[in-house]
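Student: I would like to learn how to read a model like this one, feature by feature. Could you take me through it?

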Amino acid sequence: MKTVTENICLSTAFDVDKIVEYLNHSLGEGISEKSRDAGHYLCEFVYFKSLYTMDRRSLFIHVPTLDVVSAEQSAHCLLYTSDAADEG
């Protein structure tokens with residue numbers, strides 16, 4: 001089991017810029033954006049633990065409410081993101 005004994009800064013191994021560019025190109029500019037902030041408390045904890053445990057092969061995605069992005073668009077974004085991660 002891994003233990004954390006020092007401050008560690010982790011980032012995903014996936015090409016987030018490529019994923020965001022594709023999503024904005026195929027679904028409309030501004031549909032997706034890159035952020036360096038997963039949120040606070042539980043979101044950042046879950047993201048950090050998944051990056052650490054999965055050797056940086058993890059993403060954290062905030063999915064907007066349906067009044068902002070339709071269920072179909074959200075499903076397409078998640079499917080593409082999953083496919084892109086498998087290719088990486």
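Tutor: Let's go from the overall fold to single residues, keeping in mind that this is a predicted model.

Student: Then let's start with the fold. How many helices and strands does the chain have?

Tutor: A good habit is to list the secondary structure in sequence order. Here the chain has 3 helices and 0 strands, which gives the pattern α-α-α along the sequence. Helix 1 spans 16-27 and helix 2 spans 42-53, while helix 3 spans 71-87.

Student: What are the dimensions of the box that the C-alpha atoms fill, and what share of the residues count as buried?

Tutor: Along the principal axes, the box is roughly 45 × 30 × 20 Å. Of the 88 residues, 23% count as buried. It also helps to look at how contacts are spread over the sequence. Among contacts between residues at least 6 apart, 60% join residues at least 24 apart.

Student: Can we see that in single residues? Where is Tyr80 found, and which residues is Tyr80 in contact with, beyond its sequence neighbours?

Tutor: Tyr80 is found in helix 3. Leaving aside neighbours within four places in sequence, Tyr80 is in contact with Lys18, Ile19, Tyr22 and Leu23. Its relative accessible area is 18%, so Tyr80 falls under the 20% cut-off and counts as buried. For a backbone view, take Leu27: the C-alpha atoms of Tyr80 and Leu27 are separated by 11 Å, although the two are 53 residues apart along the chain.

Student: What would a similar pair look like for helix 2?

Tutor: Try Lys49, which is found in helix 2. Lys49 and Leu10 are 39 residues apart in sequence, and their C-alpha atoms are 9.8 Å apart in space. With 37% relative accessibility, Lys49 counts as partly exposed.

Student: Now the loops. Is Ser32 buried or exposed?

Tutor: A loop position alone does not settle that, and the accessible area has to be checked. Ser32 lies in the loop between helix 1 and helix 2, and Ser32 is buried, at 14% relative accessible area. Not counting residues up to four places away in sequence, Ser32 touches Val20, Leu23 and Asn24.

Student: How should I think about charged side chains?

Tutor: The general idea is that side chains of opposite charge can pair when their charged atoms come close. A search of the whole structure finds 1 salt bridge. The side chains of Asp17 and Lys34 meet there, at 3.2 Å from N to O. Asp17 lies in helix 1 and Lys34 in the loop between helix 1 and helix 2, so the pair ties together parts that are 17 residues apart in sequence. Both partners are partly exposed: Asp17 has a relative accessible area of 48%, and Lys34 has 45%.

Student: There are cysteines too. Why is Cys43 not in a disulfide?

Tutor: Start with the distance between sulfurs. The closest cysteine sulfur to that of Cys43 is in Cys9, 18 Å away, which is too far for a bond. For Cys77, the closest cysteine sulfur is in Cys43, also at 18 Å and too far for a bond. The search of the whole structure finds 0 disulfides. As for their surroundings, Cys43 is partly exposed at 24% relative accessible area, whereas Cys77 is buried at 13%.

Student: What is the volume of the largest pocket, and which residues are closest to its centre?

Tutor: The largest pocket has a volume of about 1100 Å³. Of its 36 lining residues, Val16, Glu33, Lys34, Ser35 and Phe60 are the closest to the centre. Helix 1, helix 2 and helix 3 each supply at least two lining residues, and helix 1 gives the most, with 5. By class, the lining has 21 nonpolar, 8 polar and 7 charged residues.

Student: Last, what should I look for in the backbone angles?

Tutor: Most residues other than glycine have a negative phi, and the exceptions deserve a look. Asp55 has a phi near 55 degrees, a positive value, and Arg56 has a positive phi near 70 degrees. Asp55 sits in the loop between helix 2 and helix 3, and Arg56 is placed in that loop between helix 2 and helix 3 as well. Asp55 counts as exposed at 58% relative accessibility, while Arg56 is partly exposed at 34%.

Notes. Residues numbered from 1 in each chain as written. Predicted model: local features only at pLDDT ≥ 70, side-chain atom pairs only at ≥ 80, totals over all residues. Heavy atoms only, no water. Helix = DSSP H or I, 4+ residues; strand = E, 2+ residues; numbered from the N terminus. Buried < 20%, exposed > 50% of the residue type's maximum accessible area, 1.4 Å probe, protein only. Contact = heavy atoms within 4.5 Å. Disulfide = S-S within 2.5 Å. Salt bridge = Lys/Arg side-chain N within 4 Å of Asp/Glu carboxyl O. 1 Å grid on protein atoms, 1.4 Å probe; cavity = no way out; pocket = protein on both sides within 12 Å on 5 of 7 lines; lining within 4 Å. Points joined across faces, edges and corners; volume = space filled by probe spheres on them. Nonpolar A, V, L, I, M, F, W, Y, C, P; charged D, E, K, R; others polar.
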